[in-house]
Amino acid sequence: MNYRGGGAPENSSLRGKETGFTLAEVLITIGIIGLVAAMTLPALINNNRNKALETAFKKNYSAISQALNMYYAQNGERLTPEYVGAQELKPILIKYMNVLHDCGFGYLDSACIPNSSDETKISKVYKNFNGTNTIDLNPMDDGQFILNDGSLILLENPSAGGSLYISVDVNGYLKNPNRLGQDLFMFQIDAKGNLLPMGAKGTQFYNANDAFCSKTSTSDMNGAGCTIKAINEKDYFTKLH
């Protein structure tokens, strides 16, 4: 036998043996990877969606604020409910926002989100915060338009001296979740012309017990009061599901 070179004997039993994974081991490994992916992928998708909603919310909040500020700069006074006649808010805002499409008014069947007295035509696209009920569209049917980024603006402006609400679907009505307080948010213009996040003190849907931003309420306006939380709570969007 030749042992030169320090190697194993040429006729050693180790010669010719192959190392590697068996088919069973490979299948088990693939199964484990698939299981881990199935457990983590939904969470990753949800996190990415929520981050996108947060970014879009901040962008739209800024765009609405800037539009009102531009109105103030051009007219020397704040836009207030007292001096905005019925359905005059839409043509005012359109001048100061990047509008892609004017949807008209919600009470028309041709609107992007129609709000009809005919039960067969009432839009079912939006649900409340926890998805337990369709929302009341009456506070959103006095004007609608789509921005260049796909966001949908919905207005409440029934009469001079009446409520002025600006709602925005931050990722557009063609994308889910289409829930009040998740991708659909409401703001209110107060008597002094301040843009208030709905749910703040002084707004229509303020409630000390969070009745309008509840995980359990089946109210058709549950979620209307979540806007203040979306602004003030750093983890608001990460908690959405």
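A disulfide is a pair of cysteine sulfur atoms within 2.5 Å. The model in these exercises is predicted; local features need pLDDT of at least 70, side-chain atom pairs count only at pLDDT 80 or more, and totals for chains, interfaces and linings use all residues. Residues are numbered from 1 along each chain as its sequence is written, and side-chain values use heavy atoms, with hydrogens and water left out.

**Exercise 1. Find the disulfides and give the handedness of each.**

Step 1. Count them. The cut-off gives two disulfides.

Step 2. Take Cys103 and Cys112. Their sulfurs are 2.0 Å apart, and a disulfide joins them. The torsion about this S-S bond is about -70 degrees, so the disulfide of Cys103 and Cys112 is left-handed.

Step 3. Take Cys213 and Cys226. A disulfide joins these two as well, with S to S at 2.0 Å. Here the S-S bond shows 105 degrees, and the link of Cys213 and Cys226 is right-handed. Both cysteines sit in the loop between β6 (195-197) and α3 (227-232), 13 residues apart.

Step 4. Write the pairing. With the bonded cysteines numbered in sequence order, the pattern is 1-2, 3-4.

**Exercise 2. Decide whether each bonded cysteine is buried or exposed.**

Step 1. Set the cut-offs. Buried means under 20% relative accessible area, exposed over 50%, and partly exposed in between (1.4 Å probe, protein chains only). Areas come from the Shrake-Rupley method with a 1.4 Å probe; for residues, only the protein chains shown count as cover.

Step 2. Apply them.
- Cys103 has 5% relative accessibility, so Cys103 is buried.
- Cys112 has 15%, so Cys112 is buried.
- Cys213 has 10%, so Cys213 is buried.
- Cys226 has 0%, so Cys226 is buried.

**Exercise 3. Describe the surroundings of Thr80.**

Step 1. Place the residue. Helices (H or I, at least four residues) and strands (E, at least two) are DSSP runs, numbered from the N terminus. Thr80 lies in the loop between α1 and α2 (89-94).

Step 2. Check burial. Thr80 has 10% relative accessibility and therefore counts as buried.

Step 3. List its partners. Contact means heavy atoms within 4.5 Å. Leaving aside neighbours within four places in sequence, Thr80 touches Leu164, Asp190, Ala191, Lys192 and Gly193.

**Exercise 4. Describe the second largest pocket by volume and lining.**

Step 1. Fix the terms. On a 1 Å grid over the protein atoms alone, a pocket is an open set of points where a 1.4 Å probe fits, with protein on both sides within 12 Å along at least five of seven lines; lining residues have an atom within 4 Å of a point. Grid points are joined across faces, edges and corners, and a volume is the space filled by probe spheres set on the points.

Step 2. Give the volume. The second largest pocket has about 200 Å³.

Step 3. Name the lining. Among the residues are Lys59, Asn60, Tyr96, Leu147 and Asp149. Helix α1 (residues 23-75) gives the most, with six residues.

**Exercise 5. Summarise the chain.**

Step 1. Count elements. The chain has three helices and six strands. From the N terminus on, they run α-α-β-β-β-β-β-β-α.

Step 2. Gauge burial. Of its 241 residues, 41% count as buried.

Step 3. Give the surface. The accessible surface comes to about 13,700 Å², and 54% of this belongs to carbon and sulfur atoms.
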